[in-house]
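Before reading on, please take a moment to look over the sequence and the model together. The paragraphs below are meant for a reader who has not met this structure before.

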Amino acid sequence: MTYFQWQTPNSTAPSSERGKNIVFNQARGIHLHLFIRKYKEIDGKTEPYIYIGKGNTLEYEGEKPITVTMELENEVPASLYTEFTKRV
């Protein structure tokens with residue numbers, strides 16, 4: 001997997017400074033580091049985030065939230081991709 005789709009928090013607009021930093025990250029020299037988790041909690045225990053690397057915004061749409069498609073600098077290992085996409 002080399003592409004990642006993400007939505008900003010509901011309060012983020014593309015016209016805000018935070019929104020511009022996400023949407024125009026490369027032009028602004030902003031490094032977007034991506035941390036993901038499959039579930040927020042399991043059996044009442046908060047699950048940790050896993051670092052999957054840096055990404056750069058390719059396209060975006062909407063506002064509050066902004067849906068962002070990023071290209072990852074490094075491909076996610078197949079085993080990690082499977083872990084996050086298979087149903088349990």
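What follows is a walk through the strands and the aromatic rings of this model, which is predicted.

A useful place to begin is strand β5, residues 50-61. With strand β2, which spans residues 32-36, β5 pairs in the antiparallel sense over 5 bridges, and L32 stands opposite G55 of β5. Strand β5 is also joined to strand β6, residues 67-72, by 6 bridges, and these two strands again run antiparallel; here N56 has E71 in β6 as its bridge partner. The hairpin of β5 and β6 has 5 residues between the strands, and in this hairpin G62 takes a positive phi near 80°.

The aromatic side chains add another layer to this picture, since the structure holds 2 aromatic pairs. In one of them, the ring centres of F24 and Y60 lie 6.3 Å apart, and because their planes meet at 80°, over the 60 degrees that the class requires, the pair is edge-to-face. This pair links distant parts of the chain, for F24 sits in the loop between α1 (17-23) and α2 (25-28), whereas Y60 belongs to β5, 36 residues apart. F24 counts as partly exposed at 41% relative accessibility, and Y60 is likewise partly exposed, with a relative accessible area of 38%.

The rings of F35 and Y51 also form a pair, with centres 4.9 Å apart and planes at 50°, so this pair is tilted. F35 in β2 and Y51 in β5 are 16 residues apart, and their pair too links distant parts of the chain. Y51, at 41% relative accessibility, counts as partly exposed.

Terms used
Residues are numbered from 1 along each chain as its sequence is written. This is a predicted model: local features need pLDDT of at least 70, side-chain atom pairs count only at pLDDT 80 or more; totals for chains, interfaces and linings use all residues. Side-chain values use heavy atoms; hydrogens and water are left out. Rings of Phe, Tyr and Trp (its six-membered ring) pair if their centres lie within 6.5 Å; planes under 30 degrees apart count as stacked, over 60 as edge-to-face and the rest as tilted. Helices (H or I, at least four residues) and strands (E, at least two) are DSSP runs, numbered from the N terminus. Buried means under 20% relative accessible area, exposed over 50%, partly exposed in between (1.4 Å probe, protein chains only). Two strands pair if DSSP finds at least two bridges between them.
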